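Here is a short briefing for a first look at this structure. Keep the sequence and the 3D view open as you read.

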Amino acid sequence: MSFGRLTALFLLLFFLAVLLTGIATYTVTGLTITRLVDRRIAAISDVVAGDRDGRPDAASAMIARIARFSRERDTGDIGFLLVNAQRQTLAGNVRLRRLPPTGFSTLRTGDGIPGLTHGRALVRAVGDGMMLVTVAETEPLDHYDAARLRIYLAGFGSIVVIVLGGVALFGALVTRRIAAMRATAEAIIAGDLSRRVPLSGTDDEFDRQAVTMNRMLDRITDLMDGLRHISGDIAHDLRAPLARLRSNLARVASATPSLPRDGIDSAIAECDDLLDLFAAILRIGEIEASGKTGFAALDLAALATATAEMMAPVAAEDDREIVVATPPAPIEVMGDARLLTQAILNLVENALAHTPTGTRIAVSVSAESDGAQVVVRDDGPGIAPDDRAHALRRFGRLDPSRGRPGHGLGLPIVDAIARLHRGSLMLSDAEPGLAATLRIGPA
């Protein structure tokens, strides 16, 4: 799950929790007030009715108690209404537009009691068809319930606003630090192995994580430099004696023309082959370590066309055909023209080396939403899907090509050039044949 979706889910759950908590608090508070008011009016109603063994007092006694309670200070907010069987008023200090049902009920402004916006009423029978109504307010002030609702909305709303602000601030901080790490990773992928994650100087968790990542990158760089130096040193150290051996063989061959030439020529050819191998190894190391020093704006379509046309005579010598399909408009990319020319040249040479006579090789260039690509297709035997990854490895020669000249470093060189250009090399089925796609990423 992405960081944005995780944040949205957290905010949704938090909002639901706050909403449910607010509703529960508001509801429980209202129910508690209602229960306390009901308990109070029930107790006063019992006193007014004067129940003794379930038998209320006479009407005159209840009328006297209603008058007394109406005058007392501690019950001045209690309303009473006593009606007879014909629902005529006998006593009381309130008037109702309708008689509530028996038991507890809620009164509102529409019930017509002046000054009461929300209250509770208890209606009970007190003998001889009479009904006693006891009323009390549940709000200390008029429209207090609406004010209480606004208080809850403001209180819980401020919590939501504060949390939203905190999450937004935290999200911006995390996004900025992650973006810095991503930029570092992208630079390293592009070949800048010296790039490191920047530190903010606060020594927070992100800084400590950055320090750990930078130490890891330092260690990886050291290991890669060690491997590069080892392969370079080996190639350099072996090239010199091989070159001397070839020179000696050539000198012996020229000094003693009576010696058989076949053996000496074969040994010289093997020396040349090994020298080419070491040159290719050193070339891969140079490409990986070169960075983007030679990068400039160039027309990839024109470069691919020129390279393919340069190889057309070579293909024609072995009855092969190279067809170039380029768009009418230039395709601008940022790259090293020399390296990209070598990459396209290697792909065409690979197609020529592994296809039979009469093969048709097509070179096409197209712009993509995130860069551009060069595709070299042939209608030869192709490469099985399980063998394509092996073909991209250094010295990764497949069984059918082991008898041919070469060392299996042509495609790895193209792959190194592609990665330097923030792209990739992909082998796929051309139906029939092989399609090699060189992707160039955005600048």
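The points below cover a sheet, a helix that packs on it, and a set of salt bridges. The model is predicted. Five strands form an open antiparallel sheet. The salt bridges come to eleven. R177, D204 and D207 are joined in a network of such bridges.

**The sheet**

- The strand order is β2-β1-β5-β4-β3, and the pairing is antiparallel.
- Strands β2 (89–92) and β3 (103–108) sit at the edges, and each of them pairs on one side only.
- From one strand to the next, the twist averages 20°.
- Strand β1 covers residues 78–83 and pairs with β2 over three bridges, in the antiparallel sense.
- Opposite L82 stands A91, a residue of β2.

**The helix on the sheet**

- Helix α2, residues 59–71, packs on the sheet.
- Helix α2 touches three strands: β1, β2 and β5 (131–137).
- The direction of α2 makes about 160° with that of β1.

**The salt-bridge network around R177**

- R177 and D204 meet through their side chains in a salt bridge, at 3.7 Å from N to O.
- This pair links distant parts of the chain, with the two positions 27 residues apart: R177 is in helix α3 (144–189), and D204 is in the loop between α3 and α4 (205–255).
- R177 also forms a salt bridge with D207, and here the closest N and O atoms are 2.7 Å apart.
- R177 lies in helix α3 and D207 in helix α4, so this pair ties together parts that are 30 residues apart in sequence.
- Buried or exposed: which is R177? R177 counts as buried because its relative accessibility is 7%, under the 20% cut-off.
- D207 is buried too, with a relative accessible area of 4%.
- D204 has a relative accessible area of 24%, so it is partly exposed.

**A link across the sequence: R422 and E186**

- R422 forms a salt bridge with E186, and the closest N and O atoms are 3.5 Å apart.
- R422 lies in the loop between α9 (410–420) and β11 (424–429), while E186 lies in helix α3, so the pair ties together parts that are 236 residues apart in sequence.
- R422 is partly exposed, at 30% relative accessible area.
- E186 is partly exposed as well, at 34%.

Key
Residues are numbered from 1 along each chain as its sequence is written. This is a predicted model: local features need pLDDT of at least 70, side-chain atom pairs count only at pLDDT 80 or more; totals for chains, interfaces and linings use all residues. Side-chain values use heavy atoms; hydrogens and water are left out. Two strands pair if DSSP finds at least two bridges between them. Helices (H or I, at least four residues) and strands (E, at least two) are DSSP runs, numbered from the N terminus. Axes are lines fitted to C-alpha atoms, for helices over the stretch in contact, and angles run from 0 to 180 degrees between N-to-C directions. Contact means heavy atoms within 4.5 Å. A salt bridge is a side-chain nitrogen of Lys or Arg within 4 Å of a carboxyl oxygen of Asp or Glu. Buried means under 20% relative accessible area, exposed over 50%, partly exposed in between (1.4 Å probe, protein chains only).
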